[in-house]
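Here is a short tour for someone meeting this chain for the very first time. Have a look at the picture, then read on.

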Amino acid sequence: SIDTSAALAYPDVVAVFTGKDLSEKQNAWGPAYVDEQLFRTEEVTSTGQPLGIVVAETLEAAEKAARLVK
């Protein structure tokens, strides 16, 4: 489970999107076969797989808010 509440409350944060905000089709991607998730929803299987994205008014606010996601 991903808790984005602290990130959403951070100043200048506009939104936080995770795999739960997208349909299965919207969350699917892949260079040759569309068989990967854009944002992982169940299990992270390797380093670097994204869980979501923070949208903010500034890069600094987005980076700080991203650290608040649990």
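## Starting with a helix pair

Let's begin in helix α2, where Glu60 and Lys64 sit four residues apart, so about one helical turn separates them. As a general point, an α-helix has 3.6 residues a turn, so residues three or four places apart point the same way. The two side chains form a salt bridge, with their closest N and O atoms 3.0 Å apart. Keep in mind that what you are looking at is a predicted model.

How open to the outside are these two partners? Lys64 is partly exposed, at a relative accessible area of 35%, while Glu60 is exposed, as is Leu59.

## The other salt bridge

The count of salt bridges comes to two. Besides the pair in α2, there is one between Glu36 and Arg40, where the closest N and O atoms are 3.9 Å apart. In general, side chains of opposite charge can pair when their charged atoms come close.

Which of these partners is buried, and which is partly exposed? Arg40 counts as buried, because its relative accessible area of 14% is under the 20% cut-off. Glu36, at 34%, is partly exposed.

## The whole chain

Now step back a little. The chain has two helices and four strands, and from the N terminus they come in the order α-β-β-β-β-α. Over residues 1–70, helix takes up 19% and strand 21%, and the end C-alpha atoms are 8 Å apart. The C-alpha trace spans about 40 × 20 × 20 Å along its principal axes.

Of the chain's 70 residues, 23% count as buried. The accessible surface adds up to about 5300 Å², and 55% of that belongs to carbon and sulfur atoms. If you take the contacts between residues at least 6 apart in sequence, 50% of them join residues at least 24 apart. As for a label, the unreviewed UniProt entry places the feature "domain: Aldehyde oxidase/xanthine dehydrogenase a/b hammerhead" at residues 1–70.

## Two sides of α2

Back to α2, which covers residues 59–66. Its buried residues are Ala61, Ala62 and Ala65. Viewed down the helix axis, they fall within an arc of 100°, so they line one face of the helix. Leu59 and Glu60 are on the other side, and those two are exposed.

What does the buried face pack against? The buried residues of α2 meet α1 (5–9), β1 and β4 (52–56).

## The nonpolar core

Which residues make up the largest nonpolar core? There are six of them: Ala7, Val13, Val16, Val54, Ala62 and Ala65. Both β1 (13–18) and α2 supply at least two residues each.

Val16 is a handy one to follow. Setting aside neighbours within four places in sequence, it touches Thr4, Ala7, Leu8, Asp21, Ile53 and Val54. Two of those names, Ala7 and Val54, are themselves on the list of core residues.

Thr18 is also in strand β1. With a relative accessibility of 12%, Thr18 counts as buried. Apart from neighbours within four places, Thr18 is in contact with Ile2, Thr4, Phe39, Leu51 and Gly52.

## Two loop residues

Asp12 is worth a pause, in the loop between α1 and β1. Most residues other than glycine have a negative phi. What about Asp12? Its phi is near 75°, which is a positive value in a residue other than glycine. Asp12 is partly exposed, at 46% relative accessibility.

Val34 is in another loop, the one between β2 (28–29) and β3 (36–37). Is Val34 buried or exposed? With a relative accessible area of 59%, Val34 is exposed, because the cut-off for that word is over 50%. Leaving out neighbours within four places in sequence, Val34 is in contact with Ala28 and Trp29. How far is Val34 from Ala9 in space? Their C-alpha atoms are 34 Å apart, with their positions 25 residues apart in sequence.

Definitions and conventions. Residues are numbered from 1 along each chain as its sequence is written. This is a predicted model: local features need pLDDT of at least 70, side-chain atom pairs count only at pLDDT 80 or more; totals for chains, interfaces and linings use all residues. Side-chain values use heavy atoms; hydrogens and water are left out. A nonpolar core is a set of buried Ala, Val, Leu, Ile, Met, Phe, Trp, Tyr and Cys residues joined through side-chain atoms within 4.5 Å. Buried means under 20% relative accessible area, exposed over 50%, partly exposed in between (1.4 Å probe, protein chains only). Contact means heavy atoms within 4.5 Å. The arc is that of the directions from the helix axis to the C-beta atoms. UniProt positions are given in the numbering used here, feature names are shortened, and annotations may be inferred rather than shown by experiment. Accessible areas come from the Shrake-Rupley method with a 1.4 Å probe; for residues, only the protein chains shown count as cover. A salt bridge is a side-chain nitrogen of Lys or Arg within 4 Å of a carboxyl oxygen of Asp or Glu.
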